[in-house]
Protein chains: 2
Amino acid sequence: MTIKDIARLAGVSISTVSRVLNNHPDVSKEAKEKVLAVVNEYKYIPNASARELVKTSSDNIGVVVRGLSNPFYTKIITEIGARIEEAGYTMVMQQIGTSDDEILTGAMMEREKRLLGLIFLGGRLDYTKEQLSSITIPFVQCTFNNQYGNLDKSNYSSVGIDDNQAAYEAVEQLYKRGHRNIAVLLSGPRDMSVSQVRYEGYLRAVKDFNLESGDDLIISINSYNMADAYTGVKKWLEKKIKFTAIFAISDGLAMGAMKALRDGGYKVPDEVSVIAIDGIEASEYLNPVLTTLCQPMEKMGNRAVELLTDIIEGKKGHEHVVLPTSIRLGESLSALK
Amino acid sequence: MTIKDIARLAGVSISTVSRVLNNHPDVSKEAKEKVLAVVNEYKYIPNASARELVKTSSDNIGVVVRGLSNPFYTKIITEIGARIEEAGYTMVMQQIGTSDDEILTGAMMEREKRLLGLIFLGGRLDYTKEQLSSITIPFVQCTFNNQYGNLDKSNYSSVGIDDNQAAYEAVEQLYKRGHRNIAVLLSGPRDMSVSQVRYEGYLRAVKDFNLESGDDLIISINSYNMADAYTGVKKWLEKKIKFTAIFAISDGLAMGAMKALRDGGYKVPDEVSVIAIDGIEASEYLNPVLTTLCQPMEKMGNRAVELLTDIIEGKKGHEHVVLPTSIRLGESLSALK
């Protein structure tokens with residue numbers, strides 16, 4: 001039995017059968033049901049496909065995820081996985097801790113898993129050419145770029161948002177509502193991660209809008225965990241620094257902060273306003289709902305795979321894609337009286 | 001350069017080098033730093049390892065995830081991925097929609113990716129022997145079992161909790177606090193998924209404790225999404241059914257319910273108590289914090305890989321592991337006056 005036979009029996013085109021078997025999203029429900037009915041009735045299982053038989057190398061695309069339990073990555077991975085399969089490749093994923101070395105992991109995967117290309121989901125922003133010389137296949141940086149390194153832009157691709165500008169705009173939302181004493185909650189101000197870029201955007205806004213500044217307003221927790229944000233903010237509140245708002249560099253950190261504020265007796269948004277960047281699903285179900293600048297997660301995953309497969313297939317050169325954020329107005333901001 | 005050389009230069013044992021290179025968690029920070037310093041200095045990249053050179057087949061273990069965006073799966077996948085790598089295999093993951101056919105996906109992966117074994121993370125509970133005849137490699141069902149099917153227990157493994165009992169205990173928590181009109185929020189009461197098993201546990205408690213019963217108290221949303229739970233509960237509230245508590249079959253559904261209750265003017269827990277099953281991180285940061293029966297997620301992922309690799313390596317036969325839940329007392333329950 002071939003997919004030609006299935007197409008005939010199901011009364012659909014061969015390409016429709018192929019799309020159904022490859023879990024392609026662009027298939028009508030009816031066509032899908034017809035095809036699957038035939039597949040189930042005849043117990044059709046595709047043998048190693050033609051593509052599989054002629055190829056001499058693997059069809060593996062590696063995905064190195066720095067901190068998989070970060071809820072922000074969940075949607076992006078879902079999208080990356082679906083697009084890799086759809087494009088006819090196999091996703092081989094490896095996760096590393098937030099302080100592990102993704103280059104070493106990527107280089108080892110390249111050889112052990114015979115990868116065609118690599119997507120780094122999260123990572124350091126200070127890679128040097130020398131460090132990356134051990135990666136000899138095309139790669140895409142997803143959600144981050146090379147702000148503090150010296151990579152040649154024509155040798156890799158990236159997709160992300162303008163993190164500095166997003167942070168600036170978040171602080172601007174607070175400024176417009178009268179806030180002048182704005183604390184920033186981050187992983188580290190000089191940790192060479194996205195945290196640092198967003199901190200620099202915060203600093204730019206502080207300067208432009210003439211806001212209060214100083215180390216007292218920096219809540220640095222050396223992590224991206226909700227639990228660490230909770231502990232860090234709780235401790236910081238004991239210092240009784242004057243503040244009316246918190247800009248958290250991620251939704252996850254904001255969730256920890258909001259719980260710490262509540263436990264510390266501070267009402268959000270009546271006494272303290274909170275804004276963040278990311279737009280994960282859970283933060284929409286908080287009480288109050290978190291106001292945040294949403295990253296286009298699905299689009300990011302989609303473009304990361306597109307950029308990589310275009311290069312693998314020789315269709316295009318490397319590109320750097322910056323996508324816009326959009327504000328989700330929740331209930332965590334209020335204007336100062 | 002071999003790992004023997006690295007061990008000598010770093011002043012550690014060969015097995016320590018191996019553990020560091022395989023991202024094994026049981027390595028001291030100092031040893032890790034020493035090894036990575038040498039690796040970086042000499043730009044050591046393991047070539048196809050000995051294992052790789054002698055093997056004739058792949059080392060792929062497939063993971064089919066039903067609904068990756070389910071936050072409950074995130075931690076389990078993290079654990080599964082880490083344990084698969086640690087055991088020297090490669091994780092090939094494929095995600096499917098909540099209404100897609102995981103058997104077809106698994107059977108195709110078995111052939112196309114030349115898998116040694118399969119882990120199904122979430123899936124239908126009514127597989128028949130005939131349906132599974134297309135899967136010829138060992139497999140483990142993670143987080144679910146075959147309650148409504150006819151699989152021979154000696155032909156597959158499973159790891160999960162006692163879903164019926166967990167639901168019973170959740171309802172018992174409400175009963176002990178005086179609640180008699182308890183609504184159940186679920187995907188479907190007869191959908192052959194975990195939703196149905198938990199519903200049956202709810203029914204058992206309703207009978208044992210002589211609680212109010214009837215279709216009016218069933219909020220069925222045909223999905224596991226927060227957004228659908230929100231919409232479903234909001235609509236149900238308009239019917240003005242008499243109730244004082246909601247048992248949600250998952251934390252995600254409870255999150256949607258709590259937002260709907262708030263928007264509908266109901267105070268949790270003063271007017272309505274809410275309890276669920278799962279124990280995802282986000283539900284701990286709600287206001288009020290959700291009370292829930294926690295599944296041992298890391299342990300589940302860990303055991304799933306252990307069960308599968310033991311079978312692949314011929315060490316053991318198939319097993320069925322039932323792990324205990326533990327209650328996380330939040331702030332979403334109150335006693336009726």
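**Figure 1. Chain A, the whole picture.** Of the 337 residues in chain A, 51% count as buried. Keep in mind that this is a predicted model. The C-alpha trace spans about 75 × 50 × 30 Å along its principal axes, and the secondary structure adds up to 11 helices and 12 strands. Contacts reach a long way along the chain here: among those with a separation of 6 or more, 70% link residues 24 or more positions apart.

**Figure 2. How chain A splits into domains.** Domain 1 takes in 3-51, domain 2 is made of 55-162 + 297-324, and domain 3 covers 164-294. Measure from centre to centre over C-alpha atoms, and domain 1 of chain A sits 31 Å from domain 2 of chain A.

**Figure 3. Leu185(A) and the nonpolar core.** The largest nonpolar core holds 206 residues. Leu185(A) belongs to the group with the most contacts inside that core, together with Ile119(A), Ala257(A), Ile119(B), Leu185(B) and Ala257(B). Zoom in on Leu185(A), skip its neighbours within four places in sequence, and you find it touching Ile219(A), Ala229(A), Val233(A), Ile246(A), Ala248(A), Ile249(A), Leu253(A) and Ala257(A).

**Figure 4. Strand β1 of chain B, tucked away.** Seven of the seven residues of β1(B), residues 60-66, are buried, so the strand is largely enclosed by the rest of the structure. Asn60(B), Gly62(B), Val64(B) and Arg66(B) point one way, while Ile61(B), Val63(B) and Val65(B) point the other. That fits the usual pattern, as side chains in a regular strand alternate between the two faces of the sheet.

**Figure 5. The partners of β1(B).** Strand β2 of chain B (residues 90-96) pairs with β1(B) in the parallel sense, over seven bridges. Look for Asn60(B), whose bridge partner in β2(B) is Thr90(B). Strand β3 of chain B (residues 117-121) also runs parallel to β1(B), joined by five bridges. Here Val63(B) stands opposite Ile119(B), and Ile119(B) is also among the residues with the most contacts inside the largest nonpolar core.

**Figure 6. A loop residue, Thr244(A).** Thr244(A) lies in the loop between α9 (226-237) and β8 (245-248) of chain A. It has 18 other C-beta atoms within 10 Å, so it counts as partly exposed. Leaving out neighbours within four places in sequence, Thr244(A) is in contact with His179(A), Asn181(A), Val272(A), Ser273(A) and Leu336(A). Pro324(A), 80 residues away along the chain, has its C-alpha atom 28 Å from that of Thr244(A).

Methods: Residues are numbered from 1 along each chain as its sequence is written. Chains are lettered from A and ligands numbered from 1 in the order in which they are written. Domain bounds come from an automatic or database domain assignment. A nonpolar core is a set of buried Ala, Val, Leu, Ile, Met, Phe, Trp, Tyr and Cys residues joined through C-beta atoms within 7 Å. A residue is buried if 20 or more other C-beta atoms lie within 10 Å of its own, exposed if 12 or fewer, and partly exposed in between; C-beta atoms are placed from the backbone. Two residues are in contact if their C-beta atoms, placed from the backbone, lie within 7 Å. Helices (H or I, at least four residues) and strands (E, at least two) are DSSP runs, numbered from the N terminus. Two strands pair if DSSP finds at least two bridges between them.
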